[in-house]
Amino acid sequence: MNTLVDTPALADAAINRGLKKEEKVRFLRDMCRIRRFEQTSLKYYNLGKMGGFLHLYTGQEAVAVGTISLLGPNDHVITAYRDHGHALAVGMTMEECMAELFGRATGCSKGKGGSMHFFAPDKRYWGGHGIVAGQTPLGTGIAYALKYKSIKGCCLCYLGDGAINQGTFHESLNLAGLFQLPVVYVIENNGYSMGTSLKRSSAVRDNLAQRAEGYNIAWDVFKGEDLYEVRAKTQEAVQRARERSEPSILEIQTYRYYGHSVADANAKKYRTPEEIERYKTEHDPIQIWRRHLQDEGLIAEADYEEIDRQAKYEANQAVQFAEESPLPAEADIMKDVYYEVDHQTEASRQGTHFFNS
Amino acid sequence: MALLTYREALRAGLDEELARDENVVILGEEVAQYNGAYKVTEGLWKKWGDRRLVDTPISEAGFIGMGIGAAMLGLRPVMELMFWSFAYVAYDQIVNNAGCVRYMSGGLINVPIVIRGPANGGTNVGATHSHTPENLLANTPGLKVVTPATAADAKGLIKTAIRDNDPVMFMENTLLYGEKWEVPDEEYLIPLGLADVKRPGKDFTLVAHGRAVLTCLKAAERLAAEHNIDVEVVDLRSIRPLDEETVLASVRKTHRALVVNENKPFCGVGAELASLIQEKAFDDLDAPVGRISSVDAPAIYSPTVERKQLPDPDRVIEKVLQLC
């Protein structure tokens, strides 16, 4: 694990220096919870307990936990379809997330969104979006609203490396640069846009964030396996947004252990088993963070095992909650379409809104 | 009652809502310093300044999506599309984000946005600038679609659209912007989903929306004078929500109906209305429900010929006589 050698200075960065033991242990717990949640959801997906797609976040945990750990009450999060990690990191419960995967009425979106569409506006988490880069104008708009309302906050807008070639992303960058919006675009570069490697999809091959220069936006590239590094480098962009209302692009290099989705039949064909194994043994974000905490004398081996055991238990409890939860009623199909209808306002009483014969 | 053009009435509605609610912000191409490509927003930038009137780059997908994101956080953006035809560039943002995010979040989010601009043919700008997407967008549950035909309706409806808590697609018409109508002096709102009988009659029902309403009114005058047929003209005003009752009440009275619109025929608004009438007023009908739409081809450029592509009073009269 030679990556550890590079980062003691980042552990000493101002934003990390003040971390309390409880916070550091919470980061470990949050990463373990994401991993156990994903492993458990994979198990039940393969058992046929849920439909649709399942895009697992496994391997990328330090990105969501590290970046979101920096956020305060005026900061917002929006992401794409690989959204379980961010959801748990903002504080959504495993129960509401698992129930959503199981299509239950107790799910975070009442069983109406599924894996790609988790939402928690009360935690300033705006989804969960299925169309590649479709969330990037929305994240830009959230930042626009913050600036309009003179709120000193920021929006972290996550996207994958496959999203950087979509027009809406480039339009968003131009708008954010032009209007000086407090948004941080976080490219989680896991190396593959579905089955197509960067080399085969991007004209700029070595560095995705550098595209920021075309829009007069600050940028940075760094590794996403060490939470200290993620926090230290993301903090600069968050500060830039909050204090100067300026956008940034961060490219965080990470790796997903599973395919694009569980339905990715070629997941082991476009990359070698050795490559996947090398990431698991040398670059695993949970093991790197665990090593930090053990080296710092904050936890013992047994503590880690207990944290992991609790995470596994919590995930299994979430499955039990989901399985015992009711499905949405058939009548629920017609709810949550229009605000005015849901709230039975005066506006809802005029005219026909639905055309079922 | 003041005599106002359609664009002046719209502008007055926008101005009143800018004054009423600080969260209302107008964004779009050329809406501010240029005074609006069709001058709907003329003078508003001078009055309200850079914060409330915002010129955007030519990035329909980007800025419409930005407006949707801002609306999720509680702003009430009024987005101008220079032409509704350009909505096709932003289709994913409109349908997937504005139209579906409330549903996919289980009702946790709502998007109080208005997207407005002209949606019409007849101005010799070729097919790319002449689309009428009211049927396409009304096909998305979650969106609302409004198509005012007169200045008074335009003002009353834009104010309601801005106050509505759901995404409203507001479709105007460049051929109407300079036309004048009487507009009430006092403040008023017109609910979405409320049709208006623009001309009462007892013999025949014409159902229309947008500029086709005016075509129908002209046809009705001639049908009365030349053929002694007393035609009722029902202006839908809003496509979704749809005032079915006013349409059906008229058909139950006249027993004959023709749906007239500038939409294309296949899967168009006329198809929906014809289905509605035959299903819910079948026993009242003395003739099949007729439909007149734009001629079913992309909008032709050639100025004189394009006039014949849109429904005109001659075609309406001919069809009414066939059905009588």
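Here is a walk through a predicted model with chains A and B, going from the place where the chains touch to some small backbone details.

Let's start where the two chains meet. Chain A puts 41 residues in contact with 44 residues of chain B. On chain A's side, three helices each supply at least two residues: H7, H8 (167-179) and H13 (339-342). The top contributor is H7(A), with 9 residues. If you sort chain A's side by class, you get 17 nonpolar, 17 polar and 7 charged residues.

Now hop across to chain B and find helix H4, residues 91-98. Its buried residues are Gln93(B), Ile94(B), Asn97(B) and Ala98(B). These residues sit on the same side of H4(B), because they cover an arc of only 110 degrees around the axis. And what do the buried residues of H4(B) pack against? Part of the answer is in the other chain: helix H7 (135-148) of chain A. The rest is in chain B itself, namely helix H3 (60-72), helix H5 (101-104) and strand S5 (114-118).

Next, let's look at how helices cross inside chain A. Take helix H3 (residues 21-46) and helix H12 (residues 301-324), which pack with their axes 8 Å apart at an angle of about 40 degrees. That angle makes H3(A) oblique to H12(A), and the crossing is right-handed. Among the residues of H3(A) that meet H12(A) are Leu28(A), Cys32(A), Phe37(A) and Tyr44(A), along with the arginines Arg29(A), Arg33(A) and Arg36(A). Across from them, H12(A) offers residues including Ile307(A), Ala311(A), Ala315(A) and Val319(A), plus Asp308(A), Lys312(A) and Glu314(A). By class, the contact of H3(A) with H12(A) divides into 8 nonpolar, 2 polar and 6 charged residues.

A second pair in chain A is helix H4 (residues 61-68) and helix H9 (residues 227-244). Their axes come within 8 Å and cross at roughly 45 degrees, so H4(A) and H9(A) are oblique to each other. H4(A) passes H9(A) in a right-handed crossing. From H4(A), the residues involved are Ala62(A), Val63(A), Val65(A), Gly66(A) and Thr67(A), and they meet Leu227(A), Val230(A), Arg231(A) and Thr234(A) of H9(A). That contact has 5 nonpolar residues, 3 polar ones and 1 charged one.

Chain B has a crossing to show as well. The axes of helix H8 (residues 212-227) and helix H12 (residues 313-323) come within 9 Å, crossing at roughly 55 degrees. H8(B) is therefore oblique to H12(B), and H8(B) passes H12(B) in a right-handed crossing. On the H8(B) side you'll find Ala219(B), Arg222(B) and Leu223(B), among others, while H12(B) brings in residues including Val316(B), Ile317(B) and Val320(B). The tally for this contact is 8 nonpolar, 2 polar and 2 charged residues.

Loops deserve a visit too. Ser293(B) lies in the loop between strand S14 (290-292) and helix H11 (303-309) of chain B. Is Ser293(B) buried or exposed? It is buried, because 24 other C-beta atoms lie within 10 Å, and 20 or more is what it takes to count as buried. Some of its company comes from elsewhere in the sequence: Asn263(B) is 30 residues away along the chain, yet the C-alpha atoms of Ser293(B) and Asn263(B) are separated by 5.7 Å. Beyond its sequence neighbours, Ser293(B) also contacts residues such as Asn261(B), Lys264(B) and Pro311(B).

Finally, zoom in on the backbone. A cis peptide bond, with omega about 25 degrees, joins Gly127(A) and Gly128(A), and Gly128(A) is in the loop between helix H6 (94-101) and H7 of chain A. Chain B has a cis peptide bond between Arg240(B) and Pro241(B), where omega is about 0 degrees. Pro241(B) lies in the loop between strand S12 (238-240) and helix H9 (244-254).

Positive phi values are worth spotting as well. Gln180(A) isn't a glycine, but its phi is positive, near 55 degrees; you'll find Gln180(A) in the loop between H8 and strand S3 (183-189) of chain A. Glu30(B), also not a glycine, has a positive phi of about 65 degrees. Glu30(B) counts as partly exposed because it has 17 C-beta neighbours inside 10 Å.

Terms used: Residues numbered from 1 in each chain as written. Chains lettered and ligands numbered in written order. Predicted model: local features only at pLDDT ≥ 70, side-chain atom pairs only at ≥ 80, totals over all residues. Buried ≥ 20, exposed ≤ 12 C-beta atoms within 10 Å, placed from the backbone. Helix = DSSP H or I, 4+ residues; strand = E, 2+ residues; numbered from the N terminus. Arc of directions from axis to C-beta. Contact = placed C-beta atoms within 7 Å. Nonpolar A, V, L, I, M, F, W, Y, C, P; charged D, E, K, R; others polar. Axes fitted to C-alpha atoms, helices over the stretch in contact; angles between N-to-C directions. Parallel < 35°, antiparallel > 145°, perpendicular 65-115°, else oblique. Left-handed = near helix turned anticlockwise from the far one by under 90°. Lists of a residue's contacts leave out its neighbours within four places in sequence.
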